[in-house]
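Reader: I would like a close look at one part of this model, then a walk outward to the rest. Please keep it brisk.

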Amino acid sequence: MKRIWITIFLMLTVFSLCFGLADHAGWTDPAFVQRQLAALHASPLGMWLAIGSILVLLGGDIILPTPSSIVMIASGKLLGPWLGGTVSFAGAMASALIGYGLCRWGGERVFQRLVGEQDISRLRRWFERYGIYAIILSRPVPMLTEILSCLAGLSAFRLRPYLGAVVLGTLPICFVYSVAGTRSEITDPWPAIWLALALPAAGWLLVRIFTPHPQTEEPPHG
């Protein structure tokens, strides 16, 4: 599994560098995001241009350094809780499908050559046992959600349970952020962000309490 951990570290490094550069340029600043989306919303094409921009930002989150929580809050503020949540959900689902699809059908062979079939088999067993829980509970966590989407595709995790887990993990988060956008200033997004992060923590606690605990398969070292 060492080569898989190296792959995960490289993914995290790339995502972190991209986001760090975007943050340095000011693109992730909540006030900047609000100004840009509000300007689009006030343009002649109005709501439709704002919707299209939100979909592109969230749909491309797998490769773009998008501050997704801020965009979702802005979506609620500009479009209202129901439309804003729906647009955010559509964009987040597109990102999850793009990440899974690119890795499943574009990178699987390369991944096999890099890490070997034995380690991929171990990763598949891990996903079969814990993948649904991990995907659901990681959806509000920046970078971790993209990494798990990529690993699900690279390990050929089944599409149907993957989509089900993504829907269950994404839908409530999108509407939490969207409702927050209608009730608070986007320049202070942290209450909504903390609430969104608390949901997977509570979900994981419920999983630990109510799910039988099979003997944990420890990942091999070395």
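Is Leu-64 buried, partly exposed or exposed, and what is its relative accessible area?

Author: This is a predicted model. Leu-64 is partly exposed: its relative accessible area is 37%. Buried would need a value under 20%, and exposed one over 50%, so 37% falls in between.

Now its setting. Leu-64 sits in the loop that links helix H3 (47-59) to helix H4 (68-79). Leu-64 also belongs to a nonpolar surface patch, together with Ile-63, Ile-98 and Leu-102. The patch covers about 380 Å².

Next, the helix before that loop. H3 has 13 residues, which should span 18 Å at 1.5 Å a residue. Its end C-alpha atoms are 18 Å apart, so the two values agree. Six names make up the buried set of H3: Ala-50, Ile-51, Ser-53, Ile-54, Leu-58 and Gly-59. An α-helix has 3.6 residues a turn, so residues three or four places apart point the same way. The buried residues of H3 pack against three helices: helix H2 (30-41), H4 and helix H5 (81-106). H4 thus appears twice in this account, as one end of the Leu-64 loop and as a packing partner of H3.

Step back to the whole chain. The protein has ten helices and zero strands. Read from the N terminus, the elements run α-α-α-α-α-α-α-α-α-α. There are 222 residues, and 44% of them count as buried. The accessible surface comes to about 12100 Å². Carbon and sulfur atoms own 69% of that surface. Contacts reach far along the sequence. Take those between residues at least 6 apart: 77% join residues at least 24 apart.

Now helix H9. It runs over residues 159-183, 25 residues in total. From first C-alpha to last, H9 reaches 36 Å, close to the 36 Å expected at 1.5 Å a residue. Still, H9 has a kink of about 25° at Thr-170, shortly before the proline Pro-172. Thr-170 counts as buried because its relative accessibility is 4%. Leaving aside residues up to four places away in sequence, Thr-170 touches Phe-89, Ala-92 and Arg-139.

The loop ahead of H9 deserves a look too. It lies between H8 and H9, and Ala-156 is found there. Ala-156 has a positive phi of about 60°, although it is not a glycine. At 22% relative accessibility, Ala-156 counts as partly exposed; the limit for buried is under 20%.

Arg-158 is in that loop as well, between helix H8 (144-154) and H9. Its side chain meets that of Glu-128 in a salt bridge, 3.0 Å from N to O. Glu-128 is in helix H7 (residues 117-138), so the pair ties together parts that are 30 residues apart in sequence. Both partners are partly exposed: Arg-158 has a relative accessible area of 47%, and Glu-128 comes in at 43%. The count for the model is one salt bridge.

To close, back to the starting point. Leu-64 is partly exposed at 37%, in the loop between H3 and H4, and shares its nonpolar patch with Ile-63, Ile-98 and Leu-102.

Terms used
Residues numbered from 1 in each chain as written. Predicted model: local features only at pLDDT ≥ 70, side-chain atom pairs only at ≥ 80, totals over all residues. Heavy atoms only, no water. Patch = residues over 30% accessible without salt bridge, like charges linked within 9 Å, V, L, I, M, F, W, Y side chains within 5 Å. Areas by Shrake-Rupley, 256 points an atom, 1.4 Å probe, with all protein chains shown as cover. Salt bridge = Lys/Arg side-chain N within 4 Å of Asp/Glu carboxyl O. Helix = DSSP H or I, 4+ residues; strand = E, 2+ residues; numbered from the N terminus. Buried < 20%, exposed > 50% of the residue type's maximum accessible area, 1.4 Å probe, protein only. Expected span 1.5 Å × (residues − 1). Bend = angle between axes of the 7 residues up to and from the residue. Contact = heavy atoms within 4.5 Å.
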